Amino acid sequence: MCVTRDGRLLSLYMGLTTSVTGFLQPFVPIYLLESGLTKSQIGLVAGSGAAMALLLQPLLGKLSDRVDARRPFVAVMSVIAAIAYLSFPFLHGAPAFLFAVALGTNANLYMQGVGGVLVGRLAAKGKGGETYAAYRFWGSVSYVFVALAVGLFLKPQGGIGRGPLNLMFEIGPLIFFGISVLSFWLPDPKRPVETAEEEAKSAKAIIRPNLRRFLAVDFLYIISLYGATNFISIFMQHVGGKGLFLSCVFLPGVIGEALVMRFSGRYSDRYGRRPVLALSYVLLPFRLMMYSAATGPWMVLGAQALHGLNFGIVGAVSIAFINDQADHRTRGSLQAQLALVTAAAGAIGPALMGLVADKYGLPVMFEVAAGIALVAMAVFLLFVNESNTHAEGTGIKLFDHAPFPAKS
């Protein structure tokens, strides 16, 4: 599927949009810490972009659906992200960083969501999971390349300060300009002409109860996972990690997600979204508890390796879960709803975890996150139904059907 010109361009797009995370994810929190912000302030800054997205992402999704075009939005958002992160070396104080991170994160959220929309347009019916995973694989490869390059730049035993990090934020954000240029050639297929009956059916897809239930548990999942993830690089410093340990703290999970994603999407196409997602929801509470018990850098890396079974599944299958309940007319709006939930959780999670970390310490913060993840797991297993009507199922009732089914 990736051998076509459109496939190669989409793979390159998803590679570039994910590669920037290779330096943003580990080093934005550390940069803020080195700039004198407290953990509570870091949590608020991290959540600022997500909070802005609560207002902006639905508007962007509906607008891009109305004009049926994504290229111009990607071009503008990538330039905004570049300017936001290039400004880091000139900023001082929490308010300035809050504004810059809000712009950068929000632009990045939109660009990530566009990948899901375009894959939905190009994927065959019932093959959305496998198709998305195949394209998204190159994002993980790009992340690994950037993270290793940054780690070698900082040197394995080198200290961290604003000096080396300033240079990183003067060079790394230039990738966003590459995305802006690429947007002019990005495949952006138009939706097919629909009858009045199909349009009416499309309107109903937005309010399906099963979609609401899934978005609710996804909200709790994101609060626990990414609220805690925002402080993992700081925790790595706390247990003695530096240099390559800091740059590569997320690397085991990214390598794992690249491998898992290749299979998770395909298996969810065949057996159903629900059983594959269940594995990720069950694993998360235990993984977060592993961080709270970690006493050294290698233990943190071990726990982080399990991220492959979290994002490697949820990152692909959640997109497919949404696309199952959409059509060409509403796919942008529904993916915007997923982005909206991600944004709300992304705003609350880091702020909440930052407060807990400041008051009780990082290990307790991971325990609180694990408790929230446990609630998400229980609600998912009890109330969320299958979305892929083409799946053959596993034959296990708990995985194939909710014990308390409701109309989907």
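Which element supplies the largest share of the lining of the second largest pocket? In this predicted model, that share comes from helix 6, which contributes 5 residues. The pocket encloses about 200 Å³ of space, and helix 6 (128–154) and helix 7 (162–171) are the elements that give two or more residues to its lining. The residues in question are Phe23, Phe145, Val146, Ala149, Val150, Phe153, Leu167, Met168, Ile171, Gly172 and Ile175; by class, 10 of them are nonpolar and 1 is polar, with no charged residue present.

The fold in which this pocket lies comprises 19 helices and 0 strands. Of the 408 residues of the protein, 59% count as buried, and the exposed area amounts to about 16200 Å², of which carbon and sulfur atoms supply 70%. Among contacts between residues at least 6 apart in sequence, 85% join residues that are at least 24 apart. The largest nonpolar core contains 103 residues, among which Tyr13, Phe88 and Phe214 touch the most other members; helix 18 (residues 362–383) gives the most to this core, with 11 residues.

Enclosed space was examined as well. Rolling a probe the size of a water molecule over the atoms shows where empty space is left. The count comes to 2 cavities of 30 Å³ or more, and the largest cavity has a volume of about 1200 Å³. Its lining is made up of 39 residues, with Thr21, Leu109, Gln112, Tyr226 and Thr342 lying nearest the centre of the cavity. Several helices each supply at least two residues of this lining, including helix 2, helix 3 (39–67), helix 5 (94–122), helix 6 and helix 10 (209–229), whereas the largest share, 7 residues, comes from helix 17. By class, the lining of the largest cavity has 21 nonpolar, 15 polar and 3 charged residues.

Within helix 2 (residues 21–34), glutamine 25 may be considered individually. Glutamine 25 counts as partly exposed because its relative accessibility, 23%, falls between the limits of 20% and 50%. When neighbours within four places in sequence are left aside, glutamine 25 is in contact with Tyr143, Thr229, Ser233 and Phe250. Glutamine 25 and alanine 147 are separated by 122 residues in sequence, yet their C-alpha atoms are 9.6 Å apart in space.

Terms used. Residues are numbered from 1 along each chain as its sequence is written. This is a predicted model: local features need pLDDT of at least 70, side-chain atom pairs count only at pLDDT 80 or more; totals for chains, interfaces and linings use all residues. Side-chain values use heavy atoms; hydrogens and water are left out. Helices (H or I, at least four residues) and strands (E, at least two) are DSSP runs, numbered from the N terminus. Buried means under 20% relative accessible area, exposed over 50%, partly exposed in between (1.4 Å probe, protein chains only). Contact means heavy atoms within 4.5 Å. Accessible areas come from the Shrake-Rupley method with a 1.4 Å probe; for residues, only the protein chains shown count as cover. On a 1 Å grid over the protein atoms alone, a cavity is a set of points where a 1.4 Å probe fits but cannot get out, and a pocket is an open set with protein on both sides within 12 Å along at least five of seven lines; lining residues have an atom within 4 Å of a point. Grid points are joined across faces, edges and corners, and a volume is the space filled by probe spheres set on the points. Ala, Val, Leu, Ile, Met, Phe, Trp, Tyr, Cys and Pro count as nonpolar, Asp, Glu, Lys and Arg as charged, and the others, Gly among them, as polar. A nonpolar core is a set of buried Ala, Val, Leu, Ile, Met, Phe, Trp, Tyr and Cys residues joined through side-chain atoms within 4.5 Å.
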